[in-house]
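I opened this model to look up how its strands are arranged, where its pocket lies and how far the prediction can be trusted. My entries follow in the order in which I looked.

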Amino acid sequence: MDSNDNGPKDSDFLAVLEPGFLRALRLAGDELYVFDREGTILEVNDHACTELGYGRDELVGSTLFDISTRQTPESYRSLLRILDEDGPQFLHGHSRRKDGSTYSVEARLWTAPYSGESATWALLRDARGHQSLMEERDRLISLIENSSEAIAVASPEGQYRYMNAAGLKMIGLESVQELAGKSIVDFHPEVEHRDLEERILPLAREDRWEGELFYRNPKSGERIPCWMKVFSVRHSRTGRTAGLAVIARDISAHKVAERQRDRLLLLNEVSRKV
């Protein structure tokens, strides 16, 4: 078939379907918007009006830039190029209500005809619950990164995938990239390898293990006494072990204090016998 034939195109088909399709979208539980190539609002549904606090007549004819906190004419032109070249997109952003308040949204955008002209269609969903999860995740990441304890994640087989800054410093590494291909066992003295492989890691895969071990700096050979916890991280749906978590606390200072205490006790015992 000739590539320049005048047969029906997808866009013609969508144009025929548009009235019924639009009626269905108007009843959708998500916010519906249709924008022209300049960002002018051509169509909205009732849910969008309710969320933004505008009447339909107020919204139609206004612009995307009036209701979005992030989109500008320049960024919208860039978005159009992406939609034209790569197809539908998912974005996160914030919408601005008539009273000036804002709320988090996730949007699905695509291009399709509207009244015979190319337009951007958008379905927006309130993402405040998603935003809360994102904020909780960020707080957790900050807590891990700023912890004074070494915190690491490994595969079920014991291959390191991540370690926080305190852990990297403890074992003398500059960056997490230096963990590539390394296992939990690799950062311990050889005398501990067999116990780790045959007892500790199998126990951790099933549930957890806790006790005293030495981290070994691979560059200097220095041994750092640590109180370590290794436990299974399970998949939320299957319950299977998805990985291992490692938490280690440097107890060097505690060991020094113990030795000083033991020396004092010994001196005291000797002095009593003199």
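**Entry 1: the second sheet, starting from one strand pair**

I began with strand 6 (residues 150–154), and found that this strand and strand 7 pair in the antiparallel sense, over three bridges. Looking for a residue pair to mark on the display, I took Val-153, whose bridge partner in strand 7 is Tyr-162. The hairpin that these two strands form has five residues between the strands, and there Gly-158 takes a positive phi near 100°.

I then followed the pairing outwards and noted an open sheet of five strands in the order 7-6-10-9-8, with antiparallel pairing. Its edge strands are strand 7 (160–163) and strand 8 (208–216), each of which pairs on one side only. Between neighbouring strands of this sheet I read an average turn of 25°, with direction ignored.

Which strands does helix 8 lie across? I found that helix 8 (residues 190–206) lies across strand 8, strand 9 (223–234) and strand 10 (241–250), and that the helix runs at about 150° to strand 8.

**Entry 2: confidence**

Before going further I checked the confidence, since this is a predicted model. The protein averages a pLDDT of 83, and 78% of the residues score at least 70. Helix 1 (residues 10–26) has the lowest confidence, at a mean of 47, whereas helix 4 has the highest, at 96. Over residues 1–18 the pLDDT is below 50, and in the model this stretch has nine contacts beyond near neighbours in sequence. Where pLDDT is low, the predicted coordinates should not be read in detail, so I left those contacts without further reading.

**Entry 3: the other sheet**

I next traced an open sheet of five strands with the order 2-1-5-4-3, again with antiparallel pairing. Strand 2 (41–44) and strand 3 are its edge strands, each pairing on one side only. Neighbouring strands here are turned by 30° against each other on average, direction ignored.

I went through the pairs in turn. Strand 1 and strand 5 run antiparallel and are joined by five bridges, with Phe-35 standing opposite Thr-120 in strand 5. Thr-120 came up again from the other side, as the bridge partner in strand 5 of Thr-111. Strand 4 and strand 5 pair in the antiparallel sense over ten bridges, and their hairpin has two residues between the strands, with Ser-115 taking a positive phi near 50°.

Strand 3 and strand 4 are also an antiparallel pair, over eight bridges. Along this pair I marked Leu-91, which stands opposite Ala-107 in strand 4, and Arg-96, whose bridge partner in strand 4 is Thr-102. The hairpin of strand 3 and strand 4 has five residues between the strands, and Gly-100 takes a positive phi near 95° there.

Helix 5 (residues 73–86) lies across strand 1, strand 3, strand 4 and strand 5, and I noted that this helix runs at about 55° to strand 4.

**Entry 4: the largest pocket**

How much space lies in the largest pocket, and what lines it? I read a volume of about 280 Å³ and a lining of 18 residues, of which Leu-64, Ser-68, Gln-71, Ala-107 and Leu-124 lie nearest the centre. Ala-107 is thus a residue I had met already, as the one opposite Leu-91.

I then asked which elements supply the lining, and found at least two residues each from strand 1 (31–35), helix 4 (64–67), strand 3 (89–96), strand 4 (102–114) and strand 5 (117–126). Strand 3 gives the most, with five residues. By class, the lining has eleven nonpolar, six polar and one charged residues. One of the contributors, helix 4, is also where confidence in the protein is highest.

Key
Residues numbered from 1 in each chain as written. Predicted model: local features only at pLDDT ≥ 70, side-chain atom pairs only at ≥ 80, totals over all residues. Heavy atoms only, no water. Pairing = 2+ DSSP bridges. Helix = DSSP H or I, 4+ residues; strand = E, 2+ residues; numbered from the N terminus. Axes fitted to C-alpha atoms, helices over the stretch in contact; angles between N-to-C directions. Contact = heavy atoms within 4.5 Å. 1 Å grid on protein atoms, 1.4 Å probe; cavity = no way out; pocket = protein on both sides within 12 Å on 5 of 7 lines; lining within 4 Å. Points joined across faces, edges and corners; volume = space filled by probe spheres on them. Nonpolar A, V, L, I, M, F, W, Y, C, P; charged D, E, K, R; others polar. pLDDT = per-residue confidence, 0-100.
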